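This briefing is meant to be read with the sequence and the 3D view open. Please look through the structure before going on.

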Amino acid sequence: MSNLDLIAERLSGHRYERYVAAHCIFHDDHKPSLFIYDDRYFCASCGARGTTKSLLKRLGTIPERILAGTTRISRNPFTRWIEQFGSIQNVCNQAKRQSAYLVERGIPKEVQRTLKIGILEDWIIFPITNHFEEIIGAVARRGKENPSKSKYILPRGQSPQLLYVPSWKAVKEHREVFVTFGIIDALTLFILGKAACSTTTGQHINVEAFSGFKGKLIFIPDELEEKSAYDISCKLGLRGSVKVLPYPYGTKDCNEWFMQDKKSLEAIL
């Protein structure tokens, strides 16, 4: 299978003889503006560009949020769920049972219930809320026995700039908000009593996503994510900073450190 065939399958874009046209994964794209050739790609809307090889590598880790609307059977379960239950709010309400996997990662069931995290068809559903605690989106994480190749999935058409915030109350009450590139890390910090949020598309986020935050934003990158954290922080000016944690041997993020030694992580924060 050629690079273009792989791209067309992964993005469900329209395959032409020499290129694929698809919705751009780097911004909230409402019409196909990403053009991928055998050796390169570029977005006619946001200007993103690079090699096709790097795009294929990235498609292995970003949420599978852009799928063709012409077929009734979709690889994105949100498409089917929204058809079945009527709205993203109803989808989140259908996800009631709590995740044993999250318990293994130190997120107790009572915390999951409080934050309305649940399971639907072996997908862990994280509701995304606004300042008024209204559900405006969601993120689905692959469950332990889920065969999907995508670790995280967003509803089709959902803005990649939405942030997962465990508690807007904590954000309003604290002068500092910790920012992670992973939802479980944000939940870990929430359990430690911190105001926290997470991006929903990994290290790819525009600073406009933080326009609703008044406090200082402190990025807590995983190991090897430091450059992305500094790049985003610099764009925020005095509002942004980066705290690089000295992860103990055998750990690479704050959740793994939390599971190994909660007290030492609390002390360093």
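The points below cover two sheets, the helices lying on them, one arginine and a group of aromatic rings. The model is a predicted one. One open sheet has four strands in the order S6-S7-S8-S9, and another has five in the order S1-S2-S3-S4-S5. Pairing is antiparallel in the four-stranded sheet and antiparallel in the five-stranded sheet. A search of the whole structure returns 10 aromatic pairs.

**Four-stranded sheet**

- The strand order is S6-S7-S8-S9, and the sheet is open. Strand S6 (118-120) and strand S9 (152-153) are at its edges; each has a single partner strand, so one side of each is left without a neighbour in the sheet.
- Helix H3 (residues 77-85) packs on this sheet and touches S6, S7, S8 and S9. The direction of H3 makes about 70 degrees with that of S7.
- S6 and S7 are joined in the antiparallel sense by three bridges, and Leu-120 stands opposite Trp-123 in S7.
- Two residues lie between the strands in the hairpin of S6 and S7, where Glu-121 has a positive phi near 55 degrees.
- Strand S7 (residues 123-129) and strand S8 (residues 135-142) run antiparallel and are joined by seven bridges. Ile-124 has Arg-141 in S8 opposite.
- The hairpin of S7 and S8 has five residues between the strands, and Glu-133 there takes a positive phi near 65 degrees.

**Burial of S7**

- Seven of the seven residues of S7 are buried.
- Trp-123, Ile-125, Pro-127 and Thr-129 point one way from the strand, while Ile-124, Phe-126 and Ile-128 point the other way. The residues of both sets are buried.

**Five-stranded sheet**

- This open sheet has the order S1-S2-S3-S4-S5. Its edge strands, strand S1 (14-15) and strand S5 (49-51), each pair on one side only.
- Strand S3 (residues 34-36) runs antiparallel to S4, with three bridges between them. Leu-34 has Cys-43 in S4 as its bridge partner.
- Helix H2 (residues 52-59) lies across S3, S4 and S5 and runs at about 95 degrees to S5.

**Arg-40**

- Arg-40 belongs to strand S4 (residues 40-43). Its relative accessibility is 42%, so Arg-40 counts as partly exposed.
- The charged end of Arg-40 sits over the ring of Tyr-37, at 4.6 Å from the ring centre.
- Leaving aside residues up to four places away in sequence, Arg-40 touches Phe-35, Gly-50, Thr-51 and Thr-52.
- Gly-13 is 27 residues from Arg-40 along the chain, and the C-alpha atoms of the two are 15 Å apart.

**Aromatic rings**

- Among the 10 aromatic pairs is that of Phe-181 and Phe-219: the ring centres are 6.3 Å apart and the planes are at 40 degrees, so the pair is tilted.
- This pair links distant parts of the chain, with the two positions 38 residues apart in numbering. Phe-181 is in the loop between strand S11 (176-180) and helix H8 (183-191), whereas Phe-219 is in strand S13 (residues 216-219).
- Both Phe-181 and Phe-219 are buried.
- Ring pairs also join Phe-181 and Phe-219 with Trp-168, Phe-210 and Phe-213 in a cluster.

Key
Residues are numbered from 1 along each chain as its sequence is written. This is a predicted model: local features need pLDDT of at least 70, side-chain atom pairs count only at pLDDT 80 or more; totals for chains, interfaces and linings use all residues. Side-chain values use heavy atoms; hydrogens and water are left out. Rings of Phe, Tyr and Trp (its six-membered ring) pair if their centres lie within 6.5 Å; planes under 30 degrees apart count as stacked, over 60 as edge-to-face and the rest as tilted. Buried means under 20% relative accessible area, exposed over 50%, partly exposed in between (1.4 Å probe, protein chains only). A charge sits over a ring if NZ of Lys or CZ of Arg is within 6 Å of the ring centre and within 35 degrees of the ring normal. Two strands pair if DSSP finds at least two bridges between them. Contact means heavy atoms within 4.5 Å. Axes are lines fitted to C-alpha atoms, for helices over the stretch in contact, and angles run from 0 to 180 degrees between N-to-C directions.
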